[in-house]
2 protein chains.
Amino acid sequence: MSLIVAGTVRVPPENLAGLKPRMADMIAASRAEDGCLDYNYAEDVNQPGLIHVFERWRDQAALDVHFTTDHLARWRAAWPSFGVSDRKLFAYEVSSERPL
Amino acid sequence: MSLIVAGTVRVPPENLAGLKPRMADMIAASRAEDGCLDYNYAEDVNQPGLIHVFERWRDQAALDVHFTTDHLARWRAAWPSFGVSDRKLFAYEVSSERPL
């Protein structure tokens, strides 16, 4: 069963430009992982600094490996210096999908 | 079983500021619908004009009603004048969720 990971973190809007290269590294490294189907960060169109996270993973095992990676550790280690806060993420088990 | 609707549309970056009030209207009206659990638009942090859509609905019936609403019709009617294109949306049936 595949998984969607979705939710938000907050970044002070003035720090976002500096954080974007770190985000790009994290996105690229995560997408390269076995079992990563989708990995995106996007800024809310009406709430500056509210970052929407959207990930899809083949299965729980792939997500488990993701949490052990060096790029995730580097990403999280960068949070305090950029003021990243309010992590609210949820994992959804997906039983079917279809184009809409 | 709840549903996630997720995917992307594209907007010419120079049109996004003009489209944001329409987006805000669509978001507010959709969130006010019975059975809407989440409704967001967000711009990719590294690809200007790539808009990530994320919605959660209580069930298929709620999503079915959403597709009949006036606010959805108005939103879609605005697309040509703002150059909105490349709609790629998927519906995911969710069998469980948990904080991550």
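## Two pockets in a two-chain model

In the second largest pocket, at least two lining residues each come from α1 (16-31) and β2 of chain A, together with β2 of chain B. Keep in mind that this is a predicted model. The lining of this second largest pocket counts 13 residues, and those nearest the centre are Lys20(A), Glu43(A), Asp44(A), Lys20(B) and Glu43(B).

Now for the largest pocket, which comes in at about 560 Å³. Its lining runs to 32 residues, with Val53(A), Phe54(A), Ala6(B), Val53(B) and Phe54(B) closest to the centre. Which elements give two or more residues to that lining? They are β1 (2-10), β2 (36-44), β3 (50-57) and β4 (85-99) of chain A, plus β1 (2-10), β2 (36-44), β3 (50-57) and β4 (85-99) of chain B.

Here are the volumes and lining classes for both pockets.

| Pocket | Volume | Nonpolar lining residues | Polar lining residues | Charged lining residues |
|---|---|---|---|---|
| Largest pocket | about 560 Å³ | 15 residues | eight residues | nine residues |
| Second largest pocket | about 150 Å³ | five residues | two residues | six residues |

And how do the chains relate? A turn of 180° and a shift of 0.0 Å along the axis lay chain A on chain B with an RMSD of 0.0 Å. The two copies are therefore related as by a two-fold rotation axis. Both copies use the same surface, too: 100% of the contact residues of chain A turn up again in chain B.

Note on methods:
Residues are numbered from 1 along each chain as its sequence is written. Chains are lettered from A and ligands numbered from 1 in the order in which they are written. This is a predicted model: local features need pLDDT of at least 70, side-chain atom pairs count only at pLDDT 80 or more; totals for chains, interfaces and linings use all residues. Side-chain values use heavy atoms; hydrogens and water are left out. Copies are superposed by least squares on the C-alpha atoms of residues with pLDDT of at least 70 in both. Contact means heavy atoms within 4.5 Å. On a 1 Å grid over the protein atoms alone, a cavity is a set of points where a 1.4 Å probe fits but cannot get out, and a pocket is an open set with protein on both sides within 12 Å along at least five of seven lines; lining residues have an atom within 4 Å of a point. Grid points are joined across faces, edges and corners, and a volume is the space filled by probe spheres set on the points. Helices (H or I, at least four residues) and strands (E, at least two) are DSSP runs, numbered from the N terminus. Ala, Val, Leu, Ile, Met, Phe, Trp, Tyr, Cys and Pro count as nonpolar, Asp, Glu, Lys and Arg as charged, and the others, Gly among them, as polar.
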